[in-house]
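Please look over the protein shown below before reading on. The briefing that follows takes up two backbone details, the overall fold, the core and the surroundings of the ligand.

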Amino acid sequence: MTRVVALAGSLSDVSRTRMALTVALQGAADHGAGTELVDLRDFDLPLCGQPDTPDVERLRAAVQDADGVLLGTPEYHGGYSGVLKNALDLMGFDEFQGKMVGLVGVSGGALGGTGPLSGLRDVCRSLHAWVVPKQATVPHAHRQFDEDGQPVDDGMARRLREVGAQVARFSALHQSPEAQSFLAAWETAYENPGA
Ligand SMILES: Cc1cc2nc3c(=O)[nH]c(=O)nc-3n(C[C@H](O)[C@H](O)[C@H](O)COP(=O)(O)O)c2cc1C
């Protein structure tokens with residue numbers, strides 16, 4: 001079974017980023033994926049460069065075990081959050097190379113984290129991940145979820161689910177024998193003689 005995990009770059013007790021990712025994970029589950037929200041509040045993580053704690057390995061294992069990853073970030077001062085970047089910096093190719101990644105941005109203001117998601121795309125490229133084309137942004141996040149954490153706007157909920165669905169579908173496709181055989185042929189293809 002395809003497995004999709006989500007990492008939220010907010011440690012707030014009431015986090016719209018986690019709420020948004022929960023909806024995106026539903027989209028992955030709707031397409032047959034096993035899903036898990038990896039809540040960084042449950043991990044005792046050092047800052048990158050400090051000695052690893054046991055929870056660093058636990059985080060790496062959770063992501064290594066996944067075929068696809070959803071990354072959600074609040075917009076902090078026009079960028080993605082340091083919490084998420086630090087978690088990513090504690091990981092690397094072993095966790096991300098060749099995997100599908102979907103992005104979700106959440107902001108207090110009107111932009112929804114569009115700029116930060118462009119930055120995260122660059123980070124994921126450096127991790128050799130495949131970032132799916134769809135992404136979802138949640139502007140004015142404090143108005144977008146009810147007391148139970150459910151989205152109040154159907155269109156926004158659909159866009160979030162679509163990101164999760166794309167990650168689940170491309171992850172499954174990527175593992176198919178046909179895709180694996182194409183990738184193997186790609187690796188051994190001779191150079192374009194016309195180039
Ligand atoms: C340090 C900090 C910086 C922020 N900077 C921005 C910003 O530049 N633009 C914006 O629209 N919202 C900004 N916000 C608001 C957050 O994006 C918003 O509260 C979001 O819901 C936080 O995510 P969370 O609910 O998952 O914790 C900022 C919040 C904090 C705490």
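**Two histidines with positive phi**

With 12 C-beta neighbours inside 10 Å, His128 counts as exposed, because a residue with 12 or fewer such neighbours is placed in that class. The model is a predicted one, and the points below should be read with that in mind.

- His128 has a positive phi, near 60°, although this residue is not a glycine, and its place is the loop that runs between α5 (114–126) and β5 (130–138).
- His77 likewise is not a glycine and has a positive phi, in this case of about 50°; His77 belongs to the loop between β3 (68–74) and α3 (82–89).
- His77 is also exposed, since 7 other C-beta atoms lie within 10 Å.
- As background to both entries, most residues other than glycine have a negative phi.

**Overall fold**

- The protein is made up of seven helices and five strands, and, read from the N terminus, these elements follow one another in the order β-α-β-α-β-α-α-β-α-β-α-α.
- The radius of gyration of the protein is 17 Å, which agrees with the value near 16 Å that a compact globule of 195 residues would have.
- Taken along the principal axes, the box filled by the C-alpha atoms comes to roughly 55 × 45 × 35 Å.
- Of the 195 residues in the protein, 42% are buried.
- Among contacts with a separation of 6 or more, 78% join residues that are 24 or more positions apart.

**The nonpolar core**

- The largest nonpolar core holds 48 residues, and those with the most contacts inside it are Val4, Ala20, Ala24, Leu70, Val104 and Val167.
- At least two residues of this core come from each of β1 (3–8), α1 (16–30), β3, α3, β4 (100–106), α5, β5 and α6 (154–175).
- In soluble globular proteins, nonpolar side chains tend to be buried together.
- Leaving aside residues up to four places away in sequence, Val104 touches Ala20, Leu21, Ala24, Leu70, Gly72, Gln135, Ala136, Leu160 and Val163.

**Around the ligand**

- Which residues come nearest to the ligand? Of the 16 residues around the ligand, they are Ser10, Thr17, Pro74, Gly108 and Gly109.
- The shell around the ligand consists of nine polar, five nonpolar and two charged residues, where Gly is counted among the polar ones.

Conventions
Residues numbered from 1 in each chain as written. Predicted model: local features only at pLDDT ≥ 70, side-chain atom pairs only at ≥ 80, totals over all residues. Helix = DSSP H or I, 4+ residues; strand = E, 2+ residues; numbered from the N terminus. Buried ≥ 20, exposed ≤ 12 C-beta atoms within 10 Å, placed from the backbone. Near = placed C-beta within 6 Å. Core = buried A, V, L, I, M, F, W, Y, C linked by C-beta atoms within 7 Å. Contact = placed C-beta atoms within 7 Å. Rg over C-alpha atoms; globule rule 2.2 N^0.38 Å.
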